[in-house]
Amino acid sequence: MHHYSTFYIWMVSLRLKTIPLASCGILTGTALAWAYGVPINLWIFLFSFSTAVLLQLTSNLANDYGDMSNGGDTEQRIGPNRGLQYGLISFAQMKRAIVLVSTLTLLSGITLVLVACQTWLDILAFIVFGGVSLFAALTYTMSKHAYGYYGL
């Protein structure tokens with residue numbers, strides 16, 4: 001049996017190395033806006049960044065859960081260790097983590113929409129986009145018809 005700290009197992013499950021991918025669009029867009037003299041709203045930047053990162057973390061946790069539930073992660077799997085795969089995180093613990101990070105994602109996203117949007121139509125549109133994004137993050141491999149297994 002592997003002997004890893006609880007902190008290490010959760011950091012591996014969160015797949016922190018994916019944060020640059022999640023945040024590069026926000027960082028690039030903000031840098032380009034700044035380079036062209038567009039005033040930067042710090043709150044919009046911070047909530048855009050946090051929402052993007054939290055969506056990625058939600059997706060990562062849901063992916064661990066889905067891969068283990070659907071048989072994608074077995075002891076023969078090649079790649080980084082996974083907490084569920086080695087039995088170091090229970091399904092119940094992972095579900096609680098997914099709910100927690102999803103809730104933080106929702107709070108960050110709703111705050112972003114309220115800070116950034118100026119019309120009711122904008123608010124409605126971005127709440128729909130955000131809901132679809134969260135749904136996609138959760139169902140990539142964590143559903144009966146997980147689209148992550150179709151090579152899309």
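What follows is a chat about the packing in a predicted model.

User: Hi! What should I know about the model and its numbering?
Analyst: It is predicted, so local features need pLDDT of at least 70 and side-chain atom pairs count only at pLDDT 80 or more, while totals for chains, interfaces and linings use all residues. Residues are numbered from 1 along each chain as its sequence is written, and side-chain values use heavy atoms, with hydrogens and water left out.

User: Cool. Which residues touch the most other members of the largest nonpolar core?
Analyst: Leu61 and Met94, in a core of 13 residues. Such a core is a set of buried Ala, Val, Leu, Ile, Met, Phe, Trp, Tyr and Cys residues joined through side-chain atoms within 4.5 Å; buried means under 20% relative accessible area with a 1.4 Å probe, protein chains only.

User: And which helix gives the largest share?
Analyst: H3, with five residues. Helices here are DSSP runs (H or I, at least four residues), numbered from the N terminus.

User: What does Met94 contact, leaving aside neighbours within four places in sequence?
Analyst: Trp10, Ser13, Leu61, Asp64, Tyr65, Leu84 and Ile89. Contact means heavy atoms within 4.5 Å.

User: Switching topic: which H4 residues meet H5?
Analyst: Ile98, Ser102, Thr105, Leu106 and Val113 in H4 meet Ile123, Phe126, Ile127, Leu134 and Leu138 in H5.

User: Last one: where is Arg15, and is that residue buried or exposed?
Analyst: Arg15 sits in the loop between H1 and helix H2 (19-35). Arg15 is buried, at a relative accessible area of 14%. The phi of Arg15 is near 55 degrees, a positive value in a residue other than glycine. Most residues other than glycine have a negative phi.

Notes:
Buried means under 20% relative accessible area, exposed over 50%, partly exposed in between (1.4 Å probe, protein chains only). Helices (H or I, at least four residues) and strands (E, at least two) are DSSP runs, numbered from the N terminus.
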